[in-house]
Amino acid sequence: SFLLVVLIAISLGSVSAADSADVLSDNATSIEPASASVADVQTAVDSAKNVGDTVDLSKNAEYDFTNQTVTINNPGIIIDGKGTTTIKGHGDGQGIFRINAQNVTIQGIKFIDTNPKNDFKYNGSTNGWGISASAANGGLVQNCEFQDFNSGIVIMQTTGFTVENNKFTGGYTTQLLNDPTVNKETGSKSLNIYRQSSGVMVKYNTFDGPILDGVSIAQGSGANYVIGNTFINNCYSIYFGGASTKGSKIENNTFINCGYFEEGDIKWEGLPVISMQKASDDIAVENNHFFVRSDNVLIAAEKGNEAHGSPTPIGNINITSNTVELNSPDGN
């Protein structure tokens, strides 16, 4: 196979996109759980039936969602932590919150995984999810923090979801492919977009930590947008695995000290900051800014890669107006 490695120069900028807004019902109300128990939060969520109804979690500053998930089935409602609410735990394998409805908003909550290395798997159920969204078209997660999650947010079979102004911190990488003893990489994926999801807007977030993937796009997902984010100390910042890049945009992001991982005496270098090794067609990579280490690989696309099925061609990768600085801000 032919390996194309593109080293780029990038400039930081900003791209705006229209935020979706629901028309509020005249009957919209604010609802508070009776207590901090998961059962009472589920009851409050179930009672929010009108578009614009808000479940206000701020009365109780801290919640424990270990091995339990709250499911959201009513469209157009808002789950609001007011920036003062912390939820600890890791859900039951479906996330702390599972969104099964359209146009749901979750905002102002700090999520902390209390068992951050649980169940790193590629197949089968995994714990350690903050929020999962399935067929959740038009949804929004904003102004939240996700600490040490296997996946902070998982988006499946969804069109038009927005992830905005969140912070993803911590996380782990436990295996990489250039370790000869393994054949699958494992570790945290802060944001998972998969199962034919499209039109997902990822903007103005921070992905900070030794995570395997900052943004992972897989399983036939395409036409997604990663705009105005900051990536710090990731193995792979953006990873396309068996996804389509067609119609996607990576614009105005900042990458700091990424494409590298160190554990004890072992160093993994040369990991593509943006990996399109299995999906490389009709994508724009524009106006990004890389703070680089020595020997960084910034963008990689590989013709004939069969890691996720049949081989794919390389075509129409548009890389323009990016900038590179040879040293990262921390001096490495």
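Let's start with the charged pairs: a search of the whole structure turns up three salt bridges. Keep in mind as we go that this is a predicted model.

Take Lys-88 and Glu-62, where the closest N and O atoms sit 3.6 Å apart. This pair links distant parts of the chain, with Lys-88 in strand E6 (residues 78-91) and Glu-62 in strand E4 (residues 62-66), 26 residues apart. Both partners get some access to the outside: Lys-88 is partly exposed, at 29% relative accessible area, and Glu-62 also counts as partly exposed, at 47%.

Next come Glu-164 and Lys-203, whose closest N and O atoms are 4.0 Å apart. Glu-164 belongs to strand E13 (residues 162-164) and Lys-203 to strand E18, so this salt bridge ties together parts that are 39 residues apart in sequence. Here both ends are tucked away: Glu-164 is buried at 9% relative accessibility, and Lys-203 is buried at 3%.

Lys-82 and Asp-80 make a salt bridge too, with 3.5 Å between the closest N and O atoms. This one is mixed, as Lys-82 is partly exposed at 48% while Asp-80 is buried at 9%.

Now for some backbone oddities. Most residues other than glycine have a negative phi. Tyr-204, though not a glycine, has a positive phi of about 60°. You'll find Tyr-204 in the loop between strand E18 (201-203) and strand E19 (206-208), and it is partly exposed, with a relative accessible area of 28%. Asn-257 is another non-glycine residue with a positive phi of about 60°. Asn-257 sits in the loop between strand E25 (254-256) and strand E26, but this residue is buried, at 5% relative accessibility.

What about the cysteines: how many disulfides does a search of the whole structure find? Zero. Cys-258 shows why: its sulfur is 9.2 Å from the closest cysteine sulfur, in Cys-235, which is too far for a bond, given that a disulfide needs the two sulfurs within 2.5 Å. Cys-258 is also buried, with a relative accessible area of 1%. Cys-144 is buried as well, at 4%.

Finally, head out to the surface. Glu-262, Asp-265, Glu-269 and Asp-295 gather there in a patch of negative charge. One of these, Glu-262, is found in strand E26 (residues 261-263). With 42% relative accessibility, Glu-262 counts as partly exposed.

How values were computed. Residues numbered from 1 in each chain as written. Predicted model: local features only at pLDDT ≥ 70, side-chain atom pairs only at ≥ 80, totals over all residues. Heavy atoms only, no water. Patch = residues over 30% accessible without salt bridge, like charges linked within 9 Å, V, L, I, M, F, W, Y side chains within 5 Å. Areas by Shrake-Rupley, 256 points an atom, 1.4 Å probe, with all protein chains shown as cover. Salt bridge = Lys/Arg side-chain N within 4 Å of Asp/Glu carboxyl O. Lys, Arg positive; Asp, Glu negative; His and termini not counted. Charge placed at Lys NZ, Arg CZ, Asp CG, Glu CD. Helix = DSSP H or I, 4+ residues; strand = E, 2+ residues; numbered from the N terminus. Buried < 20%, exposed > 50% of the residue type's maximum accessible area, 1.4 Å probe, protein only.
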